[in-house]
Amino acid sequence: MFNIVLFGPPGAGKGTQSEKLVSRYQLVHLSTGDIFRRNIREATPLGTEAKAFMEKGELVPDDVTIRMLEAEVMQHPGANGFIFDGFPRTSAQAEALDRLMDSMGSPINCMLALEVEEEELRERLKGRAQTSGRPDDADPAVIQNRIDVYNRETAPVAEYYKAAGKYRGIGGIGPVESIFDRLCAAIDEVAAI
Ligand code: AMP
């Protein structure tokens, strides 16, 4: 198995690149944001719980998010590996993910971190709001809160993977194909070790 954490601030291109990586490497894509949005559409109890946090651009509490992620992983026993997109977003989530993957004998191989500066993120999210239909893309105050939450709670997660020697920074500016090429080069390099 080959397991990737695709990391980066909101608007860094994680969703776009995940789709391309899934088809190249036949991995299972788990986006916690997508799973929460599906639960909101289906009006499940989990969706109801997550909605209030998402609308404000706050993180859904760790216990809820971790339980959900573990259940999703368990639904793919035969997977070649996973792309975790939007997870982990806190240190507690990173530790829980390690425990889970270690218990399956299939640790995280690398964190690929898309690097994009804040001004560009704000512009991208504003543009995305025209087509995404996401309420959390539509309000500049919520966008700013998501960026602030990222800087405060999520960015430190990179240190966790740096300490484990698993961090790879990837330039996230430029054509989608060029960024994809950089991601693939990093994956192929890690896989060859
Ligand atoms: P995303 O689609 O990754 O931008 O996530 C959208 C929203 O879902 C976030 O702003 C959070 O409210 C929530 N969310 C997604 N993933 C997580 C996570 N790993 N931990 C907590 N909240 C999350």
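In this predicted model, the shell around the ligand is made up of 5 nonpolar, 5 polar and 6 charged residues. Of the 16 residues around the ligand, those that come nearest are T32, R37, E58, G86 and Q93. Helix α2, which spans residues 32-41, gives the most to this shell, with 4 residues. The ligand sits in the largest pocket.

Polar contacts to the ligand involve both side-chain and backbone atoms of the protein. A side-chain N or O atom of T32 is 2.7 Å from a nitrogen atom of the ligand. At E58 the atom concerned is a backbone N or O, which lies 2.6 Å from an oxygen atom of the ligand. R134 places a polar side-chain atom 3.1 Å from a ligand oxygen atom. The ligand on its own has 480 Å² of accessible area, of which the protein covers 96%.

Backbone geometry was examined in three loops. In the loop between β3 (82-85) and α5 (91-103) lies P88, and the peptide bond that leads from F87 to P88 is cis, with omega near 0 degrees.

Positive phi values occur at Q26 and A43, neither of which is a glycine. Q26, in the loop between α1 (14-25) and β2 (28-31), has phi near 50 degrees. With a relative accessible area of 52%, Q26 is classed as exposed, because the cut-off for this class is over 50%. A43 belongs to the loop between α2 and α3 (45-56), and its phi is about 55 degrees. A43 is likewise exposed, at a relative accessible area of 60%.

Methods. Residues numbered from 1 in each chain as written. Predicted model: local features only at pLDDT ≥ 70, side-chain atom pairs only at ≥ 80, totals over all residues. Heavy atoms only, no water. Near = heavy atom within 4 Å. Polar contact = N/O pair within 3.5 Å; in protein donor to acceptor, adjacent residues only side chain to side chain. Areas by Shrake-Rupley, 256 points an atom, 1.4 Å probe, with all protein chains shown as cover. 1 Å grid on protein atoms, 1.4 Å probe; cavity = no way out; pocket = protein on both sides within 12 Å on 5 of 7 lines; lining within 4 Å. Sits in = over half its atoms within 2 Å of the grid points. Helix = DSSP H or I, 4+ residues; strand = E, 2+ residues; numbered from the N terminus. Nonpolar A, V, L, I, M, F, W, Y, C, P; charged D, E, K, R; others polar. Buried < 20%, exposed > 50% of the residue type's maximum accessible area, 1.4 Å probe, protein only.
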